[in-house]
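Welcome to a short set of exercises. Keep the viewer open and try each task before you read its solution.

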Amino acid sequence: MPRIENEIKLDFKDVLIRPKRSTLQSREQVDLHRPYVFRHSKTEYNGVPIIAANMDTVGTLAMAKVLASVDMFTALHKYYTAAEIGGLLTENPGIQDVSRAASPVVD
């Protein structure tokens with residue numbers, strides 16, 4: 001049997017989020033790049049910490065090219081062949097810094 005809740009619930013129209021004071025004059029001055037050192041590999045990364053992940057094959061080669069232009073990560077989906085990923089890497093030098101591929105293990 002469903003549970004009926006009679007408590008007041010808040011929606012976006014009920015809450016006002018006030019921005020913090022800033023010295024920036026415009027949103028164009030915002031820099032989203034952040035330095036990051038990966039814990040185990042000690043690899044350094046300086047970019048925008050946003051990843052296009054593998055939800056219904058969102059991580060496509062086209063997506064990787066576009067997001068790499070603004071230093072964002074792409075987790076490529078597992079259905080690409082090694083040749084397709086290799087072609088992406090040779091056509092776009094530097095894209096390997098912001099793209100990752102996962103492949104299934106086949107016995």
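**Exercise 1.** In which loop does D71 lie?

*Solution.* Before starting, note that this is a predicted model, in which local features need pLDDT of at least 70 and side-chain atom pairs count only at pLDDT 80 or more, while totals for chains, interfaces and linings use all residues. Residues are numbered from 1 along each chain as its sequence is written, and side-chain values use heavy atoms, with hydrogens and water left out.

Step 1: locate the elements, where helices (H or I, at least four residues) and strands (E, at least two) are DSSP runs, numbered from the N terminus. D71 sits in the loop between α1 and β3.
Step 2: check the backbone. D71 is not a glycine, yet its phi is positive, about 60 degrees. Most residues other than glycine have a negative phi.
Step 3: check the surface. D71 counts as partly exposed because its relative accessibility is 31%; buried means under 20% relative accessible area, exposed over 50%, and partly exposed in between (1.4 Å probe, protein chains only).

**Exercise 2.** Work out how β2 pairs with β1 and with β3.

*Solution.* Two strands pair if DSSP finds at least two bridges between them.
Step 1: take β1 (residues 34-37) and β2 (residues 44-52). They run antiparallel and are joined by four bridges. P35 has N46 of β2 as its bridge partner.
Step 2: look at the turn. Six residues lie between the strands of this hairpin, and K42 takes a positive phi near 60 degrees there. K42 is not a glycine either, and it is exposed because its relative accessible area is 57%.
Step 3: move on to β3 (residues 72-76), which runs parallel to β2 with three bridges between them. Here I51 stands opposite F73 of β3.

**Exercise 3.** Which residues make up the largest nonpolar core, and which helix gives the largest share?

*Solution.* A nonpolar core is a set of buried Ala, Val, Leu, Ile, Met, Phe, Trp, Tyr and Cys residues joined through side-chain atoms within 4.5 Å.
Step 1: list the members. There are eight: L61, A64, A68, L76, Y80, I85, L88 and I95.
Step 2: assign them to helices. α1 (61-68) and α2 (82-91) each supply at least two residues, and α1 gives the largest share, three residues.
Step 3: follow one member. Leaving aside neighbours within four places in sequence, I95 is in contact (heavy atoms within 4.5 Å) with A64, K65, A68, L88 and L89.

**Exercise 4.** Find which residues the salt bridges join into one network.

*Solution.* A salt bridge is a side-chain nitrogen of Lys or Arg within 4 Å of a carboxyl oxygen of Asp or Glu.
Step 1: count them. The structure holds two.
Step 2: read the distances. E5 and K9 meet at 2.9 Å, N to O, and the closest N and O atoms of K9 and E7 are 3.6 Å apart.
Step 3: join them. Shared partners link E5, E7 and K9 into one network.
Step 4: add accessibility. E5 is partly exposed because its relative accessible area is 43%, whereas E7 is exposed because its value is 57%.

**Exercise 5.** Is I8 buried or exposed?

*Solution.*
Step 1: I8 lies in the segment before β1.
Step 2: I8 counts as exposed because its relative accessibility is 79%.
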